[in-house]
Amino acid sequence: MKFSLGANQYYWPKATIAEFYQQAATSNADIIYLGETVCSKRRELRQKDWLNLAQELAKTNKQIVLSTMALLEAPSEVMLLQKYCANGEFIIEANDVGAIEFCRQNKVEFVCGQAINAYNAPALKRLVGMGMQRWVTPVELGRDWIKQTLDELDRQNLRDKFEVEIQAYGHLPLAYSARCFTARSENRSKDECQLCCINYPSGRLVDSQEDKQLFVLNGIQTMSGDCYNLSNDIASMKNLIDVIRISPQAENTFTILDDFIDREQHSEYRKLPANHSNGYWHEIAGMQTI
Amino acid sequence: MELLCPAGSLPAVKAALEHGADAIFIGMNNETNARHFAGLNFNDKRILQAADLINQQNKDLHIAINTFARPGDFKAWKYSVDKAVDIGAKALIIADMAVLDYAADKYPEAEVHLSVQASATNKAAIDFYRNNFNIQRVVLPRVLSLQQVKQLSRQTDIELEVFAFGSLCIMAEGRCYLSSYLTGESPNTVGACSPAKFVNWQQTDDGLESRLNDVLIDRYQDDENAGYPTLCKGRFKVDDSLYHALEEPTSLNTIDLIPELAKANIASVKIEGRQRSPAYVATVTRLWRQAIDKYQADPENYQADESWMAELGNISEGSQTTLGAYHRSWQ
């Protein structure tokens, strides 16, 4: 099993980002995903900064992947995406099929990100033909769905053409909108957002009127209220999942990473903390826990 | 500009034809369509009747096969594609790459429209589907501003279809898992958002409560209109503020934008609501027919009638309408 750090979903100040990746450089992660995937207005690091960071981190023994935006609306965003896909050095995590089209044209290998709807074997077969090296499973898919899909590809001798990665820790990106919900929570529109996401390094919690933690607002993204946590499910990933993804957190990311690495060897059950869940993996509602 | 109307039943097909639809979109009564609700949609016999009715009047039939195929069950999606081609549908509306691949391979002559559930919001994404799956039209997700729709229209010569009226998905369609997070069932996997079987209503001392899989979505006082608990339209708390954190119950209404949409070269305006009644289909079709005809008769002086707005407001969620993402201030 390999372990990855997914692209940071939140908006942090430049110094915080730099410090995070200094730690990442010496961490036990095998793969590091870099880049802004949520909102093009988040520019603490610009494209050249991300590329510099990628080159710096590439000096370690880790694989560096450039992650790209999930929701592209403006032509300027598409142009920036095109430049990423033509960087000539690093492979791309595509979070929109537009990125796959650019990678295909540039003959660049890509990771199919979790925001792309690749739900089944025939779709994955086509993506392999386009240069897909790794499939990050869509967040709502569980073990049985993934297993059946991979078994089908195995029968076609395609299973060894790509790796399979799953987000195993962190709030799940559940939806993307034209609207910025963080700005709305401060009574402003997206055009007047004042980059307020930077004040919420873990997003903003949304509770029901009965105080159940439902969602996390993260700009135009809505995340799960619970932290997805598959630490009890690593054994059931054997021969199925190749890469376990930890989504960067404002605190304790590397402790969590080391804990997952340790749990691969010592898989005793531990009760999940409050507001953690693993429902999707078990093919039930995402917010539920087994 | 084509007026494309929804139908979940034969009476709705008839209502749309009677009131001036140019084209009608429907789905089969199975998990292959994104409005898979009990008692709705068309079995093998009914779909033939619908096709006959529509053909007799020289109108166009579009068939939505726009969920994502479950492993081991791909035959259901193939069956829907085969059936749609067999009955002579003008267009197939497809989202899943697997289904697009099947249709392009087996029926290269078939007209395929990229479903909104495929979430193609930009030129590169459109090129992806066009170059790999030979689509002829794209249904745009409800995330673009009018300015962005115009920009996109200038960049591509593919036919563009937009949502013009109806329930407002505020998330990029096909990329929203809020429903499966709460219930285990989503538009992508089973073709339903906030499915009715998880809905529960209860009158309590605190008001009328609506729940989805036991999660409190909203609580209404006596003087408030209660709406279906679509989970993105609930009232929730962010810190100490209680408000519609994502969106209020409201419907999209772009009847004011007809001139702008026409100038942006939009091929088709789509009315949402296959799950709504024949009476809804009749009203919306009639008013949109009037509006498009009025615009085409005198494009320079088009203005939406006050009476249309009032009538459309009455059949809208929460009795209110919005321009949604087309208008930047909404975003």
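## Exercises on a two-chain model

Chain A exposes about 10,900 Å², and carbon and sulfur atoms supply 45% of it. Accessible areas come from the Shrake-Rupley method with a 1.4 Å probe; for residues, only the protein chains shown count as cover. This is a predicted model: local features need pLDDT of at least 70, side-chain atom pairs count only at pLDDT 80 or more, and totals for chains, interfaces and linings use all residues. Residues are numbered from 1 along each chain as its sequence is written, chains are lettered from A and ligands numbered from 1 in the order in which they are written, and side-chain values use heavy atoms, with hydrogens and water left out.

### Exercise 1: Chain A overall

Determine how compact chain A is for its length.

Solution.
- Take the secondary structure: chain A has eight helices and 12 strands. Helices (H or I, at least four residues) and strands (E, at least two) are DSSP runs, numbered from the N terminus.
- Compare radii. The radius of gyration of chain A is 18 Å, close to the 19 Å from the globule rule for 290 residues, so chain A is as compact as a globular protein of that length. The radius is taken over C-alpha atoms, and the rule is 2.2 Å times the number of residues to the power 0.38.
- Check the box: the C-alpha trace of chain A spans about 50 × 50 × 35 Å along its principal axes.
- Add burial: 64% of the 290 residues in chain A are buried. Buried means under 20% relative accessible area, exposed over 50%, partly exposed in between (1.4 Å probe, protein chains only).

### Exercise 2: Chain B and its domains

Repeat the compactness test for chain B, then locate its domains.

Solution.
- Chain B has 11 helices and 16 strands. Its radius of gyration is 20 Å, close to the 20 Å that the globule rule gives for 331 residues, so chain B is as compact as a globular protein of that length.
- The C-alpha atoms of chain B fill a box of roughly 60 × 55 × 40 Å along the principal axes.
- Chain B exposes about 12,200 Å², with 43% from carbon and sulfur atoms.
- Domain 1 of chain B covers 2-168 + 250-330, and domain 2 covers 178-243. Domain bounds come from an automatic or database domain assignment.
- Their centres, taken over C-alpha atoms, are 27 Å apart. Domain 1 brings 13 residues to the contact and domain 2 brings seven. Contact means heavy atoms within 4.5 Å.

### Exercise 3: The nonpolar cores

Which residues have the most contacts inside the largest nonpolar core?

Solution.
- Define the set: a nonpolar core is made of buried Ala, Val, Leu, Ile, Met, Phe, Trp, Tyr and Cys residues joined through side-chain atoms within 4.5 Å.
- The largest core has 208 residues, and Leu127(A), Trp135(A), Phe215(A), Tyr129(B) and Trp288(B) have the most contacts inside it.
- Helix H10 (residues 278-297) of chain B gives the most to this core, nine residues. Domain 1 and domain 2 of chain B each supply at least three.
- Look closer at Leu127(A). Beyond four places in sequence, its contacts include Ile100(A), Phe110(A), Met97(B) and Phe128(B).
- A second, separate core has eight residues, among them Ile31(A), Ile91(A), Val136(A) and Val243(A).

### Exercise 4: Helix H5 of chain B

Why is helix H5 (residues 123-133) of chain B described as largely enclosed?

Solution.
- Count burial: eight of the 11 residues of H5(B) are buried, so the rest of the structure largely encloses this helix. Among them are Phe128(B), Tyr129(B) and Phe133(B).
- Inspect the N-terminal end: Asn122(B) caps it, with a side-chain oxygen 3.1 Å from the backbone nitrogen of Ala124(B).
- Move past the helix: just after H5(B), Asn134(B) takes a positive phi of about 55 degrees.

### Exercise 5: Two buried side chains

Find the polar partners of Asn117(A) and Trp308(B).

Solution.
- Set the cut-off. A polar contact is a pair of N or O atoms within 3.5 Å; within protein, one must be able to donate a hydrogen and the other to accept it, and residues adjacent in sequence count only if both atoms are side-chain atoms.
- Asn117(A) lies in the loop between strand S5 (110-112) and helix H5 (121-130) of chain A. At 9% relative accessibility, Asn117(A) is buried.
- A polar atom of the Asn117(A) side chain lies 2.7 Å from the backbone oxygen of Gly174(B). The side chains of Asn117(A) and Tyr177(B) make a polar contact of 3.4 Å.
- Trp308(B) lies in helix H11 (residues 306-314) of chain B. Trp308(B) is buried, at 2% relative accessible area.
- The Trp308(B) side chain makes a polar contact of 3.0 Å with the side chain of Gln290(B). These two residues are 18 apart in sequence and 9.2 Å apart, C-alpha to C-alpha.
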